[in-house]
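Take a look at the chain shown here and keep it in view while you read. We'll go through it topic by topic.

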Amino acid sequence: MFDIGFSEMVVIGLVALIVIGPERLPRVARTLGHLAGRLQRYVADVKADINREVELDELRKMKDSVQQAATGFENSVQSELGKTESELNAAVNPDAAAASSAAAAAAASPAASAEETPKIPEKTG
């Protein structure tokens, strides 16, 4: 973490011994050790939380892409099934296929079919 060599550690120890004193130095060193341990655990927990969030985000993106692929596949299968069904219906009953295509054309343009249909006079009574 820090680039501290053995000689720097000895100098820090001597200064601490002179400033703090030999009676209180073990207690201070123990307290500093506990604080350093807590700091390391806190940093490790934060790193773990960040890694979990990154993994969750990646999993969400993967889930979305799989759902989009599945939806696209389902749509393509449904369209192919519809085409196959209409082809089979046309092969089984050609007259019904012609009538259904005419009905589909009439449904596509209702104004044109209304013009072609003759009007029946109403009976008055």
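How does Lys83 count by relative accessibility: buried, partly exposed or exposed? Lys83 counts as partly exposed, at 49% relative accessibility; here buried means under 20% relative accessible area, exposed means over 50%, and partly exposed is in between, using a 1.4 Å probe and protein chains only.

Before going on, a word on where this comes from. This is a predicted model, in which local features need pLDDT of at least 70 and side-chain atom pairs count only at pLDDT 80 or more, while totals for chains, interfaces and linings use all residues. Residues are numbered from 1 along each chain as its sequence is written, and side-chain values use heavy atoms, with hydrogens and water left out.

**The overall layout**

- The protein chain has 4 helices and 0 strands; helices (H or I, at least four residues) and strands (E, at least two) are DSSP runs, numbered from the N terminus.
- Starting at the N terminus, the order of elements is simply α-α-α-α.
- Just 2% of the chain's 125 residues count as buried.
- The chain's accessible surface adds up to about 11400 Å², and 63% of that belongs to carbon and sulfur atoms. Such areas come from the Shrake-Rupley method with a 1.4 Å probe, and for residues only the protein chains shown count as cover.

**How confident the prediction is**

- The average pLDDT of the protein chain is 83, and 74% of the residues score at least 70; pLDDT is the predictor's confidence in each residue, from 0 to 100.
- Among the elements, α2 has the highest mean pLDDT (93), while helix α4 (residues 110-116) has the lowest (49).

**Helix α1 and what comes after it**

- Helix α1 covers residues 6-20, which makes 15 residues, and spans 21 Å from its first C-alpha to its last, close to the expected 21 Å at 1.5 Å a residue. That expected span is 1.5 Å times one less than the number of residues.
- Right after α1 comes Gly21, with a positive phi near 105°.
- Ile20 belongs to helix α1 and counts as partly exposed at 25% relative accessibility.
- If you set aside neighbours within four places in sequence, Ile20 is in contact (heavy atoms within 4.5 Å) with Leu25 and Val28.

**Salt bridges**

- There are 3 salt bridges in the structure; each one needs a side-chain nitrogen of Lys or Arg within 4 Å of a carboxyl oxygen of Asp or Glu.
- The general idea is that side chains of opposite charge can pair when their charged atoms come close.
- Arg52 pairs with Asp49, and their closest N and O atoms are 2.2 Å apart. Both sit in helix α2 (residues 25-92), and because they are 3 residues apart there, about one helical turn separates them.
- Arg52 is partly exposed at 47% relative accessibility, and Asp49 is partly exposed too, at 40%.
- Lys61 pairs with Asp57, with 3.7 Å between the closest N and O atoms. Since Lys61 and Asp57 are 4 residues apart in helix α2, they are separated by about one helical turn.
- Lys61 is exposed, with a relative accessible area of 55%, whereas Asp57 is partly exposed at 37%.
- Glu80 and Lys83 bring their side chains together in a salt bridge at 3.8 Å, N to O. Both are in helix α2, 3 residues apart, or about one turn of the helix.
- Glu80 counts as partly exposed, with 45% relative accessibility.

**A nonpolar patch on the surface**

- Leu39, Tyr42, Val43, Val46, Ile50 and Val54 make a nonpolar surface patch of about 530 Å². Patches are made of residues with over 30% relative accessible area and no salt bridge, where like charges are joined within 9 Å and nonpolar side chains (Val, Leu, Ile, Met, Phe, Trp, Tyr) within 5 Å.
- Tyr42 is found in helix α2 and is exposed, with a relative accessible area of 55%.
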